[in-house]
Amino acid sequence: MKTMKYLGFVSTLMVVILVASCQKDNNQTRDLAFEVVGTYKGSLTEIGQPGGVEATAVVTKVEIDKVSINCYSVDFDTTFMMELFENGDSMMVCNYGDDFTMQYGHERMDDHHDMMDDVNWQSWNHHMSEEHQAGDEHFGGFDMIEKEFGYRFVINNDSTLKFNGVRQ
């Protein structure tokens, strides 16, 4: 009887250890959105034109790797969603979902990082090699050292606006 209790205890302990060792290490997943949320004050200028106007971008967290960005000035107001990726001292942004397909004209492997338990899924280089084709263009990102956000808005073939702001 003593042997049965011992074997039961050892078996239970081994199952607990096995389950714990198979779980994903959450320490590898950073909350990228937390690192960039805030209000960025700066200017909005039309590329190729002198001057600019005061503008603000408010960045809010949607998920640990996704943000909503509301950029506005006197004559401009837009809100868009972006996915975040680490790139050295920068945090790069990219469209996701239907916006990705509309921007780049090809599909993306949605949530491939979760399905394959990929530890590099937050890496910009990994994103570029897995999700993009040659010539795909990106329009902005965050400078993590200077606490700045910059983004280009292509309005049409003749007009591109550029926002540059510093986190307050």
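**Exercise 1. Which residue takes a positive phi in the hairpin of E1 and E2, and how many residues lie between the strands?**

Before we start: this is a predicted model, where local features need pLDDT of at least 70, side-chain atom pairs count only at pLDDT 80 or more, and totals for chains, interfaces and linings use all residues. Residues are numbered from 1 along each chain as its sequence is written, and side-chain values use heavy atoms, with hydrogens and water left out.

*Solution.*
- Step 1: find the elements. Helices (H or I, at least four residues) and strands (E, at least two) are DSSP runs, numbered from the N terminus.
- Step 2: find the pair. Strand E1 covers residues 38-46 and strand E2 residues 53-63; they run antiparallel, joined by seven bridges. Two strands pair if DSSP finds at least two bridges between them.
- Step 3: pick a rung. Gly-42 has Ala-55 in E2 as its bridge partner.
- Step 4: go to the turn. Six residues sit between the strands of this hairpin, and Gly-48 is the one with a positive phi, near 90°.

**Exercise 2. Place the hairpins in the fold of the whole chain.**

*Solution.*
- Step 1: take inventory. The chain has five helices and eight strands, in the order α-α-β-β-β-β-β-α-α-α-β-β-β from the N terminus.
- Step 2: follow E2 onwards. A hairpin of two residues leads from E2 to E3, and seven bridges hold E2 antiparallel to strand E3, residues 66-72. On this ladder Val-58 stands opposite Asn-70 in E3.
- Step 3: jump to the other side of the helices. E5 pairs with strand E6 (residues 140-143) in the antiparallel sense over three bridges, with Met-91 opposite Phe-142 in E6.
- Step 4: continue from Phe-142. Its bridge partner in E7 is Phe-149, and E6 and E7 pair antiparallel over four bridges. Their hairpin has four residues between the strands, and there Lys-147 takes a positive phi near 60°.
- Step 5: finish with E8. Eight bridges join E7 to strand E8 (residues 159-167), again antiparallel, and Phe-149 also stands opposite Gly-165 in E8.
- Step 6: put it together. The eight strands run E1-E2-E3-E4-E5-E6-E7-E8 as a closed barrel with antiparallel pairing. Neighbouring strands of this sheet are turned by 30° against each other on average, direction ignored.
- Step 7: add a helix. H5 (residues 124-131) packs on the sheet, touching E4 and strand E5 (90-94), and its direction makes about 105° with that of E4. Axes here are lines fitted to C-alpha atoms, for helices over the stretch in contact, and angles run from 0 to 180 degrees between N-to-C directions. Contact means heavy atoms within 4.5 Å.

**Exercise 3. Is Thr-160 buried or exposed?**

*Solution.*
- Step 1: locate the residue. Thr-160 is in strand E8.
- Step 2: apply the cut-offs. Buried means under 20% relative accessible area, exposed over 50%, partly exposed in between (1.4 Å probe, protein chains only). Thr-160 counts as buried because its relative accessibility is 17%.
- Step 3: list the company. Leaving aside neighbours within four places in sequence, Thr-160 is in contact with Thr-45, Glu-46, Ile-47, Arg-152, Phe-153, Val-154 and Ile-155.
- Step 4: zoom out. Of the chain's 168 residues, 35% count as buried.

**Exercise 4. Describe the two largest pockets by volume, lining and class.**

*Solution.*
- Step 1: set the terms. On a 1 Å grid over the protein atoms alone, a pocket is an open set of points where a 1.4 Å probe fits, with protein on both sides within 12 Å along at least five of seven lines; lining residues have an atom within 4 Å of a point. Grid points are joined across faces, edges and corners, and a volume is the space filled by probe spheres set on the points.
- Step 2: take the largest pocket. Its space is about 290 Å³. The lining has 14 residues, of which Asn-95, Gln-103, Tyr-151, Phe-153 and Val-154 lie nearest the centre. E7 gives the largest share, five residues.
- Step 3: classify that lining. Nine residues are nonpolar, three polar and two charged. Here Ala, Val, Leu, Ile, Met, Phe, Trp, Tyr, Cys and Pro count as nonpolar, Asp, Glu, Lys and Arg as charged, and the others, Gly among them, as polar.
- Step 4: take the second largest pocket, with about 160 Å³. Its lining includes Leu-44, Thr-45, Glu-46 and Leu-161, and E1 gives the most, with three residues. By class, five are nonpolar, five polar and two charged.
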